[in-house]
Amino acid sequence: MKTTNLKSNLKSNLKPNLKSSNDNTVKLPELNEETETETETDIPEVYGRFKGASWFPLLHEKEITVGGAGGIGSWVTFFLARIGCKINLYDFDRFEKHNLGGQFADINCIGQSKPEAIRNILQSFSGDCFIKCFDKYVKSSPASEIMFSCFDNMEARQIMFNNWIKSNK
């Protein structure tokens, strides 16, 4: 295969057709004037920086599940909370001193439940933080439309994926 063909194939495959109804494409809800107007008047000032972004009305106050609050999940939770998502955060672990180098935590978090420590830090950024804390994610745990699997083990990842599939059928 020629290099130019490979490049054009990659470009066309990486660019989803948002209007197509194929199973392997991404569909996003369309924004309308009512949604855009709502962001101007009803959004707390702490989110003012994002209110003009086309994706903001789709995510603000959206319920999102994050599984795992370590090196990936703690930072994912931080960024989702900063745009006002309602987060269900799962992790049964506690912060230890060696976690401080790569996870969203400070020295005061040592010994605390990871989800609760992260919620406490984020509430200090803004009081408008919606995080529910849970321990272990299991087969009977609920799923949401958007889920981030940031677990450090395959069993938990598989359970979360299976729950997401069941809830989105």
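Let's start at Arg82: setting aside neighbours within four places in sequence, this residue touches Tyr47, Phe50 and Phe125. Keep in mind that you're looking at a predicted model. Take Tyr47 from that list: it sits 35 residues away from Arg82 along the chain, yet the two C-alpha atoms are separated by 7.6 Å. Arg82 itself belongs to helix α4. Is Arg82 buried or exposed? Neither, really: its relative accessibility is 31%, so it counts as partly exposed, given that buried means under 20% and exposed means over 50%.

Now move along to helix α5, residues 114-125. With twelve residues at 1.5 Å each, this helix should span 16 Å, and its end C-alpha atoms are 17 Å apart, so expectation and model agree. Which residues of α5 are buried? They are Lys114, Pro115, Ala117, Ile118, Ile121 and Leu122. Look down the axis of α5 and those buried residues fall within an arc of 165°, so they line one face of the helix. The general rule helps here: an α-helix has 3.6 residues a turn, so residues three or four places apart point the same way. And what does the buried set of α5 pack against? Its partners are α4 (73-82), β2 (86-90) and β3 (130-134). That brings us back to α4, the helix that holds Arg82.

Last stop, helix α6, which runs over residues 154-167 and includes Ile165. Ile165 has a relative accessible area of 30%, so this residue is partly exposed. Together with Phe161 and Trp164, Ile165 makes up a nonpolar patch on the surface, and the three share about 260 Å² of accessible area.

How values were computed
Residues are numbered from 1 along each chain as its sequence is written. This is a predicted model: local features need pLDDT of at least 70, side-chain atom pairs count only at pLDDT 80 or more; totals for chains, interfaces and linings use all residues. Side-chain values use heavy atoms; hydrogens and water are left out. Patches are made of residues with over 30% relative accessible area and no salt bridge: like charges are joined within 9 Å, nonpolar side chains (Val, Leu, Ile, Met, Phe, Trp, Tyr) within 5 Å. Accessible areas come from the Shrake-Rupley method with a 1.4 Å probe; for residues, only the protein chains shown count as cover. A salt bridge is a side-chain nitrogen of Lys or Arg within 4 Å of a carboxyl oxygen of Asp or Glu. Helices (H or I, at least four residues) and strands (E, at least two) are DSSP runs, numbered from the N terminus. Buried means under 20% relative accessible area, exposed over 50%, partly exposed in between (1.4 Å probe, protein chains only). The expected span of a helix is 1.5 Å times one less than its number of residues. The arc is that of the directions from the helix axis to the C-beta atoms. Contact means heavy atoms within 4.5 Å.
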